[in-house]
Amino acid sequence: MIYLKRLGVKPLDACITVVSYSGLRRIGYVSTHKGSDGGAMETEQTLVLIKPDGVQRGLIGEVIARYERKGLKIVGMKLQQLPRDTVEALYAIHHGRSFYDILIEFMTSAPTVALVIEGRNAIELVRMLNGDTDPTKSQPGTIRGDLSVNVTHNIVHASDSAESAKRELDIVFGPEERYKYNRVDAVILHPIVV
């Protein structure tokens with residue numbers, strides 16, 4: 001604690017140090033006083049839905065674990081059976097396409113797990129982890145490549161852009177359902193060299 005005070009780090013801040021032959025050197029810290037991202041990094045949020053097939057097949061933990069192992073943070077989560085009007089609002093861009101009615105019926109057929117995922121490049125990282133919508137084109141190691149069986153029953157939905165993420169998050173989550181907290185490994189995942 002004395003060393004932290006000498007460095008000018010507040011007691012509640014997380015600090016990482018490196019021991020070298022020349023002694024201790026601070027390489028970065030994230031303050032718990034600066035919001036969920038520590039004030040030091042730009043983060044974004046995205047919506048992920050674990051679809052009814054993922055819930056019914058008992059894959060909730062597997063899917064969430066993949067996002068968390070990548071260093072992404074779950075800042076909102078709920079299990080719910082989505083009402084038809086909510087699903088229609090989420091998939092409005094597909095209205096009129098041949099698969100639209102099948103998709104709406106599927107997404108309202110059983111509960112889903114809705115997640116707000118936060119992190120640096122969260123939208124891109126989540127889509128990479130998910131894999132291609134078509135499981136026959138998804139790479140092994142991705143959620144869809146490893147676990148899905150067809151284009152409709154492909155385990156997860158994720159926002160495809162910042163604009164879509166904002167719109168979709170506002171449909172499924174209220175601001176009071178998104179939480180701010182620090183991951184204890186944030187300084188390891190996102191070091192700030194000083």
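User: What makes K78 count as lying over the face of F173?

Analyst: The rule is that NZ of Lys or CZ of Arg must be within 6 Å of the ring centre and within 35 degrees of the ring normal. K78 is at 4.8 Å from the ring centre of F173, so the distance fits that rule. Bear in mind that this is a predicted model, where local features need pLDDT of at least 70 and side-chain atom pairs count only at pLDDT 80 or more, while totals for chains, interfaces and linings use all residues. Residues are numbered from 1 along each chain as its sequence is written, and side-chain values use heavy atoms, with hydrogens and water left out.

User: Which ring does the charged end of K73 sit over?

Analyst: That of Y181, with 5.0 Å to the ring centre.

User: How many aromatic pairs does the structure hold, and what would make two rings a pair?

Analyst: There are zero of them. Rings of Phe, Tyr and Trp (its six-membered ring) would need centres within 6.5 Å; planes under 30 degrees apart would then be stacked, over 60 edge-to-face, and the rest tilted.

User: Why does R178 count as partly exposed?

Analyst: Buried means under 20% relative accessible area, exposed means over 50%, and partly exposed is in between (1.4 Å probe, protein chains only). R178 comes out at 23%, so it lands in the middle class. You'll find R178 in the loop between α8 and α9 (186-189); helices (H or I, at least four residues) and strands (E, at least two) are DSSP runs, numbered from the N terminus.

User: Which residues does R178 touch, not counting those up to four places away in sequence?

Analyst: Q45, V75, V116, L169, D170 and F173. A contact here means heavy atoms within 4.5 Å.

User: Why is L79 called exposed?

Analyst: Its relative accessibility is 57%, which puts L79 over the cut-off for exposed. L79 is part of strand β4 (residues 73-80). Beyond four places in sequence, L79 still has contacts with V55, P111, T112 and V113. Its C-alpha is 6.5 Å from that of P111, although the two are 32 residues apart in sequence.

User: What makes L49 buried?

Analyst: The relative accessible area of L49 is 0%, so it falls under the limit for buried. L49 is in strand β3, and its contacts beyond four places in sequence include L82, L90, M107 and I155.

User: And is I155 buried or exposed?

Analyst: I155 is buried, because its relative accessibility is 0%. I155 is in the loop between α7 and β6, and it has a positive phi of about 75° although it is not a glycine. N121 is also a non-glycine residue with a positive phi, of about 55°. N121 is in the loop between β5 and α6 and counts as partly exposed, because its relative accessibility is 48%.

User: What makes a group of residues a nonpolar core?

Analyst: The members are buried Ala, Val, Leu, Ile, Met, Phe, Trp, Tyr and Cys residues joined through side-chain atoms within 4.5 Å. The largest one has 20 residues, and V48, I50, V63, Y67, L115, I117 and V156 touch the most other members. Elements that supply at least two residues each include β3 (44-50), α3 (60-69) and β5 (112-119). Another core lies apart from it, with 17 residues, among them L49, F106, A114 and V116.

User: What makes a space a pocket?

Analyst: On a 1 Å grid over the protein atoms alone, a pocket is an open set of points with protein on both sides within 12 Å along at least five of seven lines; a cavity is a set where a 1.4 Å probe fits but cannot get out; lining residues have an atom within 4 Å of a point. The largest pocket has about 460 Å³ of space, where grid points are joined across faces, edges and corners and the volume is what probe spheres set on the points fill. It is lined by 21 residues, with K51, Y91, H94, T133 and H157 the closest to its centre. Two or more lining residues come from each of β6 and α8 (162-172).

User: Why does T133 count as partly exposed?

Analyst: T133 has 37% relative accessibility, so it belongs between the two limits. T133 is in the loop between α6 and α7 and, beyond four places in sequence, touches R144, V151 and N154.
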